[in-house]
Amino acid sequence: MPRFEAFDDATTERMERELIAAACGAYGVEAIAAELVGHSVNVVYRVTAERDGHRRDYALRISDPARYSTQQIEAECRWISAVNRETSVVSPEPLLAADGRHVVEIAPPGVPIPRRCALFAWLHGEQIDAPRPEHMRRLGAMTAELHNHADTYAPAEGIDRAHTNWEGM
């Protein structure tokens, strides 16, 4: 459970299971297992699930309910999809829920504030503990490509989200 409120361990564990199952269900996937992989502004779980008879891994991102609006997260997901379509940068593709949205709001019993959830395809890879110069060159090239894309990206709908530009730095 996103540790935004203080609950005892048993309650937190029950809420985690219910929240993960409900969020995955909204995307048409049946969660089999979930592992917490990170918690900062968002909580991210690696979820192993079944969809269309195939077992796959997904990243379930649960956002702090006070941090970003559904519309802001939806805009972020649309941009990530555009990055995948329009650049050579590979990013976890956000899935669409059954209702056609990227973001679902889930409120299991006992959770005082609904959680905004987004489900992404899991990208398999390896962690590099000691990056070499070629890793840094590739990272620099990807960063430049993302900057170039952001400069030309024209979303269908406005993005109500803070952004950084030269004037603001």
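**Close-up views of the antiparallel sheet and helix α2**

**View 1. The pairing of β2 with β3 in the predicted model.** Strands β2 and β3 run antiparallel and are joined by 10 bridges. The model shown here and in the following views is predicted. Within this pair of strands, Val-47 lies opposite Tyr-58 of β3. The hairpin of β2 and β3 has 2 residues between the strands, and Asp-52 in this hairpin adopts a positive phi near 55 degrees.

**View 2. The pairing of β1 with β2.** Strand β2 covers residues 42-51 and is joined to β1 by 8 bridges, again in the antiparallel sense. Glu-30 has Glu-50 in β2 as its bridge partner. The connection from β1 to β2 is a hairpin of 2 residues.

**View 3. The sheet as a whole.** An open sheet is formed by 5 strands, arranged in the order β1-β2-β3-β5-β4 with antiparallel pairing. The edges are occupied by β1 (30-39) and β4 (103-106); each has a single partner strand, so one side of each is left without a neighbour in the sheet. From one strand to the next, the twist averages 30 degrees.

**View 4. The β4 edge and the packing of helix α2.** Strand β5, residues 115-121, pairs with β4 over 4 bridges in the antiparallel sense. Opposite Val-103 stands Ala-118 in β5. Helix α2, formed by residues 70-86, packs on the sheet and touches β3 (54-63), β4 and β5. The direction of helix α2 makes about 10 degrees with that of β5.

**View 5. The surroundings of Thr-70.** Thr-70 belongs to helix α2. Is this residue, Thr-70, buried or exposed? Thr-70 is buried because its relative accessible area, 12%, falls under the 20% cut-off. Apart from neighbours within four places in sequence, Thr-70 is in contact with Val-103, Glu-105 and Arg-116. Val-103, one of these contacts, is the residue that stands opposite Ala-118 in β5. The side chains of Thr-70 and Glu-105 are joined by a polar contact of 2.4 Å. Thr-70 and His-102 are separated by 32 residues in sequence, while their C-alpha atoms lie 9.3 Å apart in space.

Methods. Residues are numbered from 1 along each chain as its sequence is written. This is a predicted model: local features need pLDDT of at least 70, side-chain atom pairs count only at pLDDT 80 or more; totals for chains, interfaces and linings use all residues. Side-chain values use heavy atoms; hydrogens and water are left out. Two strands pair if DSSP finds at least two bridges between them. Axes are lines fitted to C-alpha atoms, for helices over the stretch in contact, and angles run from 0 to 180 degrees between N-to-C directions. Contact means heavy atoms within 4.5 Å. Buried means under 20% relative accessible area, exposed over 50%, partly exposed in between (1.4 Å probe, protein chains only). A polar contact is a pair of N or O atoms within 3.5 Å; within protein, one must be able to donate a hydrogen and the other to accept it, and residues adjacent in sequence count only if both atoms are side-chain atoms.
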